[in-house]
Amino acid sequence: QAQLVESGGGLVQPGGSLRLSCVASESSLNYYAIGWFRQAPGKEREGVSCISTTGSSTYYADSVKGRFTISRDTAKRTVYLQMNSLQPEDTAVYYCAAKWSGSSAVNHYYTHEGEYDYWGQGTQVTVSS
C-alpha cells in the first residue's frame with residue numbers, strides 16, 4: 001500500500017513560484033501513475049496535472065498549462081509539481097494521488113480522481129499579497 005506525503009506548500013505573492021513534492025513510501029512508485037489535484041474553499045476538487053509511469057505522458061488542466069510542470073524522480077520516489085506565475089485563484093489544498101499501473105512502461109495518465117487508489121493528506125498553497 002502506497003503512502004504519499006506532500007510538502008512544499010506555503011504562502012507566496014502573486015507571480016511567485018513554489019515546488020510541491022509528493023514522496024511515496026512505496027518502493028515501486030515507478031509502477032504508479034501520479035496525479036495532482038487541488039481543492040479550493042467551497043469548491044470541488046479538480047485535477048491539476050497527471051503523469052504516467054514512464055514520465056513521458058503528462059496532462060495539465062487549461063488553467064495551469066504553461067505555468068505548472070509535473071515531473072518524477074523514480075530514484076527518490078518523488079513526484080514534483082513546479083508552479084510558476086502563481087495567482088490568487090491557485091489558492092487551494094493540493095493533493096497528490098497514486099494509481100497502480102502494473103508496469104513502469106505505461107504511457108497512460110489518469111485525470112479522474114475516482115481512478116486513483118491512494119491519496120496524500122494535502123498541502124496548503126496560498127497566493128496572496
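Me: What makes Leu-4 a partner of strand E3, and which residue of E3 is its bridge partner?

Reply: In this predicted model, Leu-4 is bridged to Ala-24 of E3. Another bridge joins Glu-6 to Cys-22, which also belongs to E3.

Me: Why are E1 and strand E3 said to pair, and in which sense do they do so?

Reply: Two strands count as paired when there are at least two bridges between them, and E1 and strand E3, which covers residues 18–24, are joined by four bridges. The count of four meets that requirement, so the two strands are called a pair, and the sense of the pairing is antiparallel.

Me: What is the order of the strands in the open sheet, and what is the sense of their pairing?

Reply: The sheet is made of four strands in the order E1-E3-E8-E7, and the pairing is antiparallel. On average, and with direction ignored, neighbouring strands of this sheet are turned by 15 degrees against each other.

Me: Why are strand E1 and strand E7 said to stand at the edges?

Reply: Strand E1 (4–7) and strand E7 (68–73) each have a single partner strand, so each of them has one side without a neighbour in the sheet, and that is what places them at the edges.

Me: What makes the side chains along E1 alternate, and which of them are buried?

Reply: In a regular strand the side chains take turns between the two faces of the sheet. Along E1, Leu-4 and Glu-6 point to one face and are buried, whereas Val-5 and Ser-7 point to the other face and are not buried.

Me: Why is Ala-24 called buried or exposed?

Reply: The word buried is used for a relative accessible area under 20%, and Ala-24, with 2%, falls under that limit, so Ala-24 is called buried. Ala-24 is found in strand E3, and, with neighbours within four places in sequence left aside, it is in contact with Gln-3, Leu-4, Leu-29 and Arg-77. Ala-24 and Val-79 are 55 residues apart in sequence, while their C-alpha atoms are 8.6 Å apart in space.

Me: How do you know whether Thr-78 is buried or exposed?

Reply: The value for Thr-78 is 5%, which lies under the 20% limit, so Thr-78 is counted as buried. Its place is in strand E8, residues 78–83, and, with neighbours within four places in sequence left aside, its contacts include Ser-21, Cys-22 and Val-23 as well as Ser-71, Arg-72 and Asp-73.

Me: What makes the pair formed by the side chain of Thr-78 and the backbone oxygen of Lys-76 a polar contact?

Reply: The limit for a polar contact is a distance within 3.5 Å, and a polar atom of the side chain of Thr-78 lies 2.7 Å from the backbone oxygen of Lys-76. That distance is within the limit, so the pair satisfies the distance condition.

Me: Why is Ala-105 called exposed or buried?

Reply: Exposed applies to a relative accessible area over 50%, and Ala-105 has 57%, so Ala-105 is called exposed. Its place is in the loop between strand E9 (92–100) and strand E10 (118–119). Even so, Ala-105 touches Thr-53 and Thr-54, when residues up to four places away in sequence are not counted.

Me: Why is neither buried nor exposed the word used for Arg-77 and Ser-85?

Reply: The term partly exposed covers values between the limits of 20% and 50%. Arg-77 has 32%, so it is called partly exposed, and Ser-85 has 36%, so the term applies to Ser-85 as well. Arg-77 is found in the loop between E7 and E8, and Ser-85 in the loop between E8 and E9. For Arg-77, phi is near 50 degrees, a positive value in a residue other than glycine, and for Ser-85 phi is likewise near 50 degrees.

Me: How do you know whether the radius of gyration of the protein agrees with a compact globule?

Reply: For 129 residues, a compact globule would have a radius of gyration near 14 Å, and the protein has 14 Å, so the value agrees. Along its principal axes, the C-alpha trace spans about 45 × 25 × 25 Å, and 45% of the residues count as buried.

Me: What is the secondary structure of the protein?

Reply: The protein has zero helices and 11 strands.

Methods. Residues are numbered from 1 along each chain as its sequence is written. This is a predicted model: local features need pLDDT of at least 70, side-chain atom pairs count only at pLDDT 80 or more; totals for chains, interfaces and linings use all residues. Side-chain values use heavy atoms; hydrogens and water are left out. Axes are lines fitted to C-alpha atoms, for helices over the stretch in contact, and angles run from 0 to 180 degrees between N-to-C directions. Buried means under 20% relative accessible area, exposed over 50%, partly exposed in between (1.4 Å probe, protein chains only). Contact means heavy atoms within 4.5 Å. A polar contact is a pair of N or O atoms within 3.5 Å; within protein, one must be able to donate a hydrogen and the other to accept it, and residues adjacent in sequence count only if both atoms are side-chain atoms. The radius of gyration is taken over C-alpha atoms; the globule rule is 2.2 Å times the number of residues to the power 0.38.
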